[in-house]
Protein chains: 2
Amino acid sequence: MTTGSHRAAPEHTHPDDVPVLTALAALADPVRLTLVRELAGSAAWTRSCGSFDVPVGKAALSHHFAVLRGAGLVEQRDEGPRRVNRLRRPEFDARFPGLLDLVLRDDEPS
Amino acid sequence: MTTGSHRAAPEHTHPDDVPVLTALAALADPVRLTLVRELAGSAAWTRSCGSFDVPVGKAALSHHFAVLRGAGLVEQRDEGPRRVNRLRRPEFDARFPGLLDLVLRDDEPS
DNA sequence: GCGAGTGTATGGTTTTCATCGAACACTCGG
DNA sequence: CCGAGTGTTCGATGAAAACCATACACTCGC
């Protein structure tokens, strides 16, 4: 019986269980949008939560990741002391085709 | 000199001038989502502002339409005493391909 | 020119949400 | 076993946004 004391694994929501409104609300925030974009530019499982360049404290950051998880946008795994992330591109694309493409490739209007 | 006293024409924003964040925020609200969907199901210029089935008062409704205009989602024209609406599908699709399709054809997860 | 119908603007209330500081949990290397 | 590093949770604060009720503006039929 390896009852090993582990940290509680983060709760994940599959994109298939996510209402559109939740997905849109998750992406309609400048900080989270930055996280998603930066995450899309890195290989899976290579970025820990603290490695993102956003102007908010740890607490807020943690909250934002919880929202992204709840929207099926991000998957997290504990790796030693840090929590590493992966953008759930294929699953999310299957549920909301084109949405990620939109927010990723967008250039702001001149 | 026909200085005719007309009502101020509503200010419109073309989708090309709309940042993604604004578009997402506009759609990430249950009332506005209903408006867009109901509007998509009707012919252009056939729906006045008051003809939508949403559980808010006139003032809030007026505000929501202002947000939709500002996001390049809706065009309005004064027709007698009422203000009729049109969903700017082609323009908005050109700026954000697939986004409207997504919010329109979506079925909530079981 | 009234009065009904329709929409906007204003002012104020309530709710929601992003944020922070501080305290706590876990992992790992000395 | 301690201390540094990392992330979550809690409580509180502040800002943004949705909302309502009221008052105002415009159009039209009578």
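Put chain A and chain B together and about 1700 Å² of area gets buried between them, with carbon and sulfur atoms giving 77% of it. Keep in mind that this is a predicted model. Which three residues of chain A supply the most of what chain A buries against chain B? They are Leu21(A), Leu24(A) and Leu102(A), which together supply 31% of that area, more than any other three residues.

How many residues take part on each side? There are 24 residues of chain A in contact with 24 residues of chain B. Looking for salt bridges between chain A and chain B, you'd find zero. The rule for polar contacts also comes up with zero residue pairs across the interface, counting pairs with both residues at pLDDT 80 or more.

Now for the elements on chain A's side. Those giving two or more residues to the side that touches chain B are listed here:

| Element of chain A | Residues |
|---|---|
| α1(A) | 20–27 |
| α2(A) | 30–40 |
| α5(A) | 99–105 |

Of these, α1(A) gives the most, with five residues. Sorted by type, chain A's side of the interface has 16 nonpolar residues, no polar ones and eight charged ones.

So how do the two chains sit relative to one another? A rotation of 180°, with 0.0 Å of shift along its axis, lays chain A on chain B at an RMSD of 0.0 Å. That is the relation of a two-fold axis. And the copies meet through the same surface, because 100% of the interface residues of chain A are also interface residues in chain B.

Key: Residues numbered from 1 in each chain as written. Chains lettered and ligands numbered in written order. Predicted model: local features only at pLDDT ≥ 70, side-chain atom pairs only at ≥ 80, totals over all residues. Heavy atoms only, no water. Least-squares fit on C-alpha atoms with pLDDT ≥ 70 in both. Contact = heavy atoms within 4.5 Å. Buried area = accessible area lost by both parts, 1.4 Å probe. Salt bridge = Lys/Arg side-chain N within 4 Å of Asp/Glu carboxyl O. Polar contact = N/O pair within 3.5 Å; in protein donor to acceptor, adjacent residues only side chain to side chain. Helix = DSSP H or I, 4+ residues; strand = E, 2+ residues; numbered from the N terminus. Nonpolar A, V, L, I, M, F, W, Y, C, P; charged D, E, K, R; others polar.
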